[in-house]
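Colleague: Can you walk me through this one? I have a few short questions.
Modeller: Go ahead.

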Amino acid sequence: MFELPFYSQVELNLHDCVILIDQSYCFCRSLAVGTKTGYRLFSVTSVDKLDCIHESTETPDVYIVERLFSSSLVVVVSQSVPRRMNVYHFKKGTEICNYSYSNNILAVRLNRQRLVVCLEESIYIHNIKDMKLLKTLLNTPSNPSGLCALSINHSNSFLAYPGSDTIGEIIVYDANNLSTVTMIPAHDSPLAAITFSASGTKLASASERGTVIRVFSIPEGLRLFEFRRGMKRYVNISSLSFSPDAQFLCASSNTETVHIFKLEQHSPSGEEEAPSWSAYVGKMFTAASSYLPAQVSGMMSQDRAFATVRLQMTGQKNVCALAIIQKLPRLLVASSDGQLFIYNIDPQDGGECTLVQKHRLFGSDKDLEETEKSELPEPPQACQSYAATVAIPTSGPVTATLTGYSEDGGAKKGEVIPEHEFAAGPVCLDDETEFPPVSIR
């Protein structure tokens, strides 16, 4: 999985590693990588250097690793026990708690108020201060990929998940007040990707067809933007990510191209525009669209990519994110073969982005150089889905002594610290002395 701080988290199950880019603060970046031997946490504060701030080999076959922004709290799920979630304070090297569930864990999302665990047909919402189970959403539509999104803005803790397994409906749920907000009919085909903006006021989505990306207002659910990624072929969109200011949206897929869209309203019709041939043609299309079928006219009004990146590989899954690094806008792309690419973006003119650096997420940069010099690189291996990953037989049955799952459909709460020891506001985990006051083993 891979994690970057703008305030939006994107996950991807990779063949050799799982990368999570956590986006929490627009100037602070972190990267979490789960591998067959454990997991690594990186700090991405400069283009030229990738600092490994923590590495653990205690838990093998990690396929979910989620860090709470830049804090010391990290959530880990292993293929060896796919029904159990372990929460660690990695700076102290201690386990805060662990919970087990009725089925394999497909995704974990967290902000400073809530921790959400997604199974194929249910979702569990915990209070992150004491890990108490607040709500269990049972019998949700089949969601074998564990697709869900949680706003990182703790005052707007909106949760989004598929409302159907046959069409692209999105359920928006208020994780703070524990109530459904709205249902958005986003696409005609099932969902492939969803993500919130940093403020939680925008939601982007893409379907399995991968041709159209839509942005909606939250909580109203009104369509704000519609972008066309392409019409020639269907693709598998693996990630969507807003920029910290929600002015840009990037999308990556299994193709060699990453698209960046600009979220801007068109000039009012009464505003004077500089005369140009393209403007004239645009007005002619606008006038003609009223006589065309709705699908055709809608297609003509869709905006295309503001900027693009041509990756050096194709056919591999990858995850993208927009960040401010060293005071400049950058695009980060992590690939399923364990590489991180950093590109410069021209926020004024867009166009083709420039590759400025690449790093190895496991191994060494020397290994990367040797790979580049190889005259006959091996073809990329197919990447498994989350569902396929967690379906791998475990080394043994999950024991009944594991804390968490109970027959009433929920997770057992642990030993809760008295109320007076809770922080007055949202829990802050910016140093090793601040972590949720819980004791669950």
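**Strands and salt bridges**

Modeller: This is a predicted model. Strand 23 (residues 248-253) is mostly covered, with six of its six residues buried.

Colleague: Which residues of strand 23 point which way?
Modeller: Phe 248, Cys 250 and Ser 252 point one way, while Leu 249, Ala 251 and Ser 253 point the other way. All of them are buried.

Colleague: Why the alternation?
Modeller: In a regular strand the side chains alternate between the two faces of the sheet.

Colleague: How many bridges join strand 22 to strand 23?
Modeller: Five bridges, and strand 22 (residues 237-242) runs antiparallel to strand 23. Ile 237 in strand 22 stands opposite Ser 253 in strand 23.

Colleague: What lies between those two strands?
Modeller: Strands 22 and 23 form a hairpin, with five residues between them. Ala 246 is in the turn and has a positive phi of about 60 degrees.

Colleague: And what about strand 24?
Modeller: Strand 24 (residues 257-262) pairs with strand 23 over four bridges, in the antiparallel sense. Cys 250 is opposite Ile 260 in strand 24. The two strands are joined by a hairpin through three residues.

Colleague: New topic. How many salt bridges are there in the whole structure?
Modeller: A search finds seven. One of them is between the side chains of Arg 109 and Glu 66, at 3.5 Å from N to O.

Colleague: What does that pair tie together?
Modeller: Arg 109 is in strand 10 (residues 107-110) and Glu 66 is in strand 6 (residues 62-67), so the salt bridge ties together parts that are 43 residues apart in sequence.

Colleague: Buried or exposed, those two?
Modeller: Arg 109 is buried, and Glu 66 is buried too.

Colleague: Which residue does Glu 226 form a salt bridge with?
Modeller: Arg 214, with the closest N and O atoms 2.4 Å apart. That pair links distant parts of the chain, twelve residues apart: Glu 226 is in strand 21 (residues 223-228) and Arg 214 in strand 20 (residues 212-217).

Colleague: Why does Arg 214 count as buried?
Modeller: The cut-off for buried is under 20% relative accessible area. Arg 214 is at 15% relative accessibility, so Arg 214 counts as buried. Glu 226 is buried as well, with a relative accessible area of 15%.

Colleague: What about Arg 223?
Modeller: The side chain of Arg 223 meets that of Glu 226 in a salt bridge, 2.8 Å from N to O. Arg 223 is partly exposed, at 47% relative accessibility. Through shared partners, the salt bridges join Arg 214, Arg 223 and Glu 226 into one network.

Colleague: Back to strand 20. What does Ser 217 touch?
Modeller: Ser 217 lies in strand 20. Leaving out residues up to four places away in sequence, Ser 217 touches Thr 201, Leu 222 and Leu 224. Its relative accessibility is 10%, so Ser 217 counts as buried.

Colleague: What order do strands 14, 15, 16 and 17 have in their sheet?
Modeller: The order is 14-15-16-17, in an open sheet of four strands with antiparallel pairing. Strand 14 (149-150) and strand 17 (179-187) are at the edges and have a single partner strand each, so one side of each is left without a neighbour in the sheet.

Colleague: How many bridges join strand 16 to strand 17?
Modeller: Seven, and strand 16 covers residues 168-174. Tyr 173 stands opposite Thr 180 in strand 17.

Colleague: Last one. Where is Val 33?
Modeller: Val 33 is in strand 3 (residues 30-35), and at 0% relative accessibility Val 33 counts as buried. Leu 361 is 328 residues away along the chain, yet the C-alpha atoms of Val 33 and Leu 361 are separated by 7.2 Å.

Notes:
Residues are numbered from 1 along each chain as its sequence is written. This is a predicted model: local features need pLDDT of at least 70, side-chain atom pairs count only at pLDDT 80 or more; totals for chains, interfaces and linings use all residues. Side-chain values use heavy atoms; hydrogens and water are left out. Two strands pair if DSSP finds at least two bridges between them. Buried means under 20% relative accessible area, exposed over 50%, partly exposed in between (1.4 Å probe, protein chains only). A salt bridge is a side-chain nitrogen of Lys or Arg within 4 Å of a carboxyl oxygen of Asp or Glu. Contact means heavy atoms within 4.5 Å.
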